[in-house]
Amino acid sequence: MTLTIGVRQTGPGVVTLTLQGPLDGSTHESLDQELDRVMNEPVRVLVLDIEGVDFVTSAGIGTIMKAKTSLAQKRADLVLLHVRPQIEKVFEILRALPGLGILPDRAELDEYLGRIQRQTTVEDDC
């Protein structure tokens, strides 16, 4: 099976990748390539909407964690959106959850993005 990746800019400096299909040893490289392309752009928040991911392996988790590290070096954030319980369990088992922002829905994401924008405005005023 293949992994389908949709990319869209959802706000200034905010890019959302929507994933559909398995994220495993045979598909993680396509996500890695897309992440590299997106991270060459000025991005402040990268959202991975993984509601359509029905299966994940350590290779997929590794790709996500690599993106998190690269974004942190650029002082950007990675947010996972719509994480299915079985996928969240894999992150939990691999102890990858503490460093990840996981949000249940778009309303929580909008609230999170609003906080970032307010913080940026305050920092710019100082």
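This passage describes the fold, the two central helices and the nonpolar cores of a predicted model.

The protein chain comprises four helices and five strands, which follow one another from the N terminus in the order β-β-α-β-α-β-α-β-α. Of its 126 residues, 41% count as buried. Among contacts between residues at least 6 apart in sequence, 67% join residues at least 24 apart.

Helix 1 (28-39) has 12 residues, for which a rise of 1.5 Å a residue predicts a span of 16 Å, and the distance of 16 Å between its end C-alpha atoms agrees with this expectation. The buried residues of this helix are His28, Leu31, Asp32, Glu34, Leu35, Val38 and Met39. Viewed down the helix axis, these buried residues fall within an arc of 165° and therefore line one face of helix 1, whereas Glu29 and Gln33, on the other side, are exposed. The buried residues of helix 1 pack against strand 1 (4-11), strand 2, strand 3 and helix 2.

Helix 2 (residues 58-73) shows a comparable agreement in its own dimensions: its 16 residues should span 22 Å at 1.5 Å a residue, and its end C-alpha atoms are 22 Å apart. Buried positions in this helix are Gly60, Ile61, Thr63, Ile64, Ala67 and Leu71; because they cover an arc of only 160° around the axis, they lie on the same side of helix 2. Ser58 and Gln73, by contrast, are exposed on the other side of the helix. The cover over the buried residues of helix 2 includes helix 1, strand 3 (45-52), strand 4 (77-81) and helix 3 (85-93). Just after helix 2, Arg75 adopts a positive phi of about 60°.

The packing between the two helices can be followed at a single residue. Thr63, which lies in helix 2, has a relative accessible area of 5% and is therefore buried, the limit for that class being under 20%. When its neighbours within four places in sequence are left aside, Thr63 is in contact with His28, Leu31, Asp32 and Leu35, and these four residues are among those buried in helix 1.

Strand 3 and strand 4 run parallel and are joined by five bridges, with Asp77 of strand 4 serving as the bridge partner of Val45. The chain passes from strand 3 through helix 2 to strand 4, and the resulting β-α-β crossover is right-handed. Strand 4 itself is mostly covered, since four of its five residues are buried.

The largest nonpolar core contains 25 residues, and Leu17 and Leu46 have the most contacts inside it. Two or more residues are contributed to this core by each of strand 2 (14-20), helix 1, strand 3, helix 2, strand 4 and helix 3. With neighbours within four places in sequence left aside, Leu46 is in contact with Val15, Leu17, Leu35, Val38, Leu71, Asp77, Leu78 and Val79. Of these contacts, Leu35 and Val38 belong to the buried set of helix 1, and Leu71 to that of helix 2. A second core, separate from the largest one, has five residues, including Val14, Val47, Val79 and Leu81. In a regular strand, side chains alternate between the two faces of the sheet.

How values were computed. Residues numbered from 1 in each chain as written. Predicted model: local features only at pLDDT ≥ 70, side-chain atom pairs only at ≥ 80, totals over all residues. Heavy atoms only, no water. Expected span 1.5 Å × (residues − 1). Buried < 20%, exposed > 50% of the residue type's maximum accessible area, 1.4 Å probe, protein only. Arc of directions from axis to C-beta. Contact = heavy atoms within 4.5 Å. Pairing = 2+ DSSP bridges. Right-handed = clockwise from strand over helix to strand, strands pointing away. Core = buried A, V, L, I, M, F, W, Y, C linked by side-chain atoms within 4.5 Å.
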